[in-house]
Amino acid sequence: MQIRRWNKDAMTGGLGITPGLDILSLVIMCWALAPVDIFFRWMKVYKEAEEARRRNADTDNSLDGMK
């Protein structure tokens, strides 16, 4: 009876009763998804820098007319 309960509790999460497979899949997915994450992060930073440059250029042009 105890073994059935242990199997029921152990099979509820992850990949079952083999926690080593969870770690292995995490390591494999980490190496696969890290470049994608870095690429999207770089795109976000580049987009924000472009918008800031455009805003700065717009304010510089509007101040030229006031001189």
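## Salt bridges along helix H2 in a predicted model

The accessible surface of the chain comes to about 6600 Å², and carbon and sulfur atoms account for 67% of that area. The structure is a predicted model. Its chain has 67 residues, of which 3% count as buried. The secondary structure consists of 2 helices and 0 strands.

Side chains of opposite charge can pair when their charged atoms come close. In this model the count comes to 3 salt bridges. The table lists each pair with the distance between nitrogen and oxygen.

| Acidic residue | Basic residue | N to O distance |
|---|---|---|
| Asp 37 | Arg 41 | 3.8 Å |
| Glu 50 | Arg 53 | 2.8 Å |
| Glu 50 | Arg 54 | 3.9 Å |

**The pair Asp 37 and Arg 41**

Helix H2 spans residues 19-64 and contains both Asp 37 and Arg 41, which are 4 residues apart, or about one turn of the helix. Their side chains meet in a salt bridge at 3.8 Å. Arg 41 has a relative accessibility of 53% and therefore counts as exposed, the cut-off being over 50%. Asp 37, with a relative accessible area of 43%, is partly exposed.

**The network around Glu 50**

A network of salt bridges links Glu 50, Arg 53 and Arg 54. Within helix H2, Glu 50 and Arg 53 are separated by 3 residues, about one turn of the helix. The salt bridge between these two side chains has an N to O distance of 2.8 Å. Arg 54 also lies in helix H2, 4 residues from Glu 50, and this spacing is again about one turn. In the salt bridge between Glu 50 and Arg 54, the closest N and O atoms are 3.9 Å apart; this pair meets the criterion because the distance is within 4 Å.

Is Glu 50 buried or exposed in this arrangement? Glu 50 has a relative accessible area of 18% and is buried, because the class covers values under 20%. Its partner Arg 54 counts as partly exposed, at 49% relative accessibility.

**Summary**

The salt bridge of Asp 37 joins a partly exposed residue to Arg 41, which counts as exposed. In the network of Glu 50, Arg 53 and Arg 54, Glu 50 is buried, whereas Arg 54 is partly exposed.

Definitions and conventions: Residues are numbered from 1 along each chain as its sequence is written. This is a predicted model: local features need pLDDT of at least 70, side-chain atom pairs count only at pLDDT 80 or more; totals for chains, interfaces and linings use all residues. Side-chain values use heavy atoms; hydrogens and water are left out. Buried means under 20% relative accessible area, exposed over 50%, partly exposed in between (1.4 Å probe, protein chains only). Accessible areas come from the Shrake-Rupley method with a 1.4 Å probe; for residues, only the protein chains shown count as cover.
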